Amino acid sequence: MEIKVELAGNQKVVGHFRGYHVVTDQPAKDGGGSEAPAPFELFLASLATCAGFFVQSFCQARGISTEGIEIVQTSKRDEKTHMVTDIQIKIQLPASFPEKYRASVVAAANGCTVKKHLLNPPKLEVIT
């Protein structure tokens, strides 16, 4: 997949791919306009929404209602390095969710492609 990046001024950067335009900005405290998510926030959101996709697909394949299911991702950063040290994705299931599928829905979320890439990262090279 190819993503073309537009340097849009101030702290805004736009990624163009497949007809989409993904706008990023930095928070006002970091010199941006807070007009869009920061790139790292999109990275974290991709992990949470990927897990959501896998949970939703799991339920749809079994005819289980997704009503009442909430997925909440939290992360913790190291104060010195500012690197994320812990990420937790909590799947909150309603009481009506079938007991026999509770462990399986967690396994489905663990199948997230974004997570798999974090666990086995690709080679990353920046060139001119």
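On the surface of this predicted model, M1, I3, V5 and L7 form a nonpolar patch with about 510 Å² of accessible area together. A patch here is built from residues with over 30% relative accessible area and no salt bridge, where nonpolar side chains (Val, Leu, Ile, Met, Phe, Trp, Tyr) are joined within 5 Å and like charges within 9 Å; the areas come from the Shrake-Rupley method with a 1.4 Å probe, and for residues only the protein chains shown count as cover. One member of the patch, V5, lies in strand β1 (residues 4–7), strands being DSSP runs of E with at least two residues and helices runs of H or I with at least four, numbered from the N terminus. V5 counts as exposed because its relative accessibility is 55%, the cut-offs being under 20% for buried, over 50% for exposed and partly exposed in between (1.4 Å probe, protein chains only).

Residues are numbered from 1 along each chain as its sequence is written. Local features need pLDDT of at least 70 and side-chain atom pairs count only at pLDDT 80 or more, whereas totals for chains, interfaces and linings use all residues, and side-chain values use heavy atoms, with hydrogens and water left out.

Charged residues come next. Side chains of opposite charge can pair when their charged atoms come close. A search of the whole structure finds three salt bridges, each defined as a side-chain nitrogen of Lys or Arg within 4 Å of a carboxyl oxygen of Asp or Glu. In one of them, the side chains of K12 and E35 meet with an N to O distance of 2.4 Å. K12 lies in the loop between β1 and β2 (13–17) and E35 in the loop between β3 and α1, so this pair ties together parts that are 23 residues apart in sequence. K12 is partly exposed at 27% relative accessibility, while E35 is exposed at 56%.

Another salt bridge joins the side chains of K29 and D30 (3.4 Å, N to O); K29 is exposed, with a relative accessible area of 73%, and D30 is partly exposed at 41%. R102 forms a salt bridge with E99, their closest N and O atoms being 3.3 Å apart; here R102 is partly exposed at 25% and E99 is exposed at 60%.

D25, in the loop between β3 (20–24) and α1 (39–62), presents another situation. This residue is buried yet has no salt bridge, and the nearest side chain of opposite charge, that of K12, is 5.3 Å away; for this purpose Lys and Arg count as positive and Asp and Glu as negative, with His and the chain ends not counted. Leaving aside residues up to four places away in sequence, D25 touches several residues, among them Q11, K12, G32, E35 and P39, contact meaning heavy atoms within 4.5 Å.

Helix α2 (residues 102–110) has V105, A108 and A109 as buried residues. These three lie on the same side of α2, because they cover an arc of only 100 degrees around the axis, the arc being that of the directions from the helix axis to the C-beta atoms. The buried residues of α2 pack against α1 and β5 (84–92).

Backbone angles complete the tour. Most residues other than glycine have a negative phi. R18, in the loop between β2 and β3, has a positive phi of about 45 degrees although it is not a glycine, and R18 is exposed at 66%. H82, in the loop between β4 (70–77) and β5, also has a positive phi, near 65 degrees, and counts as exposed at 52% relative accessibility.
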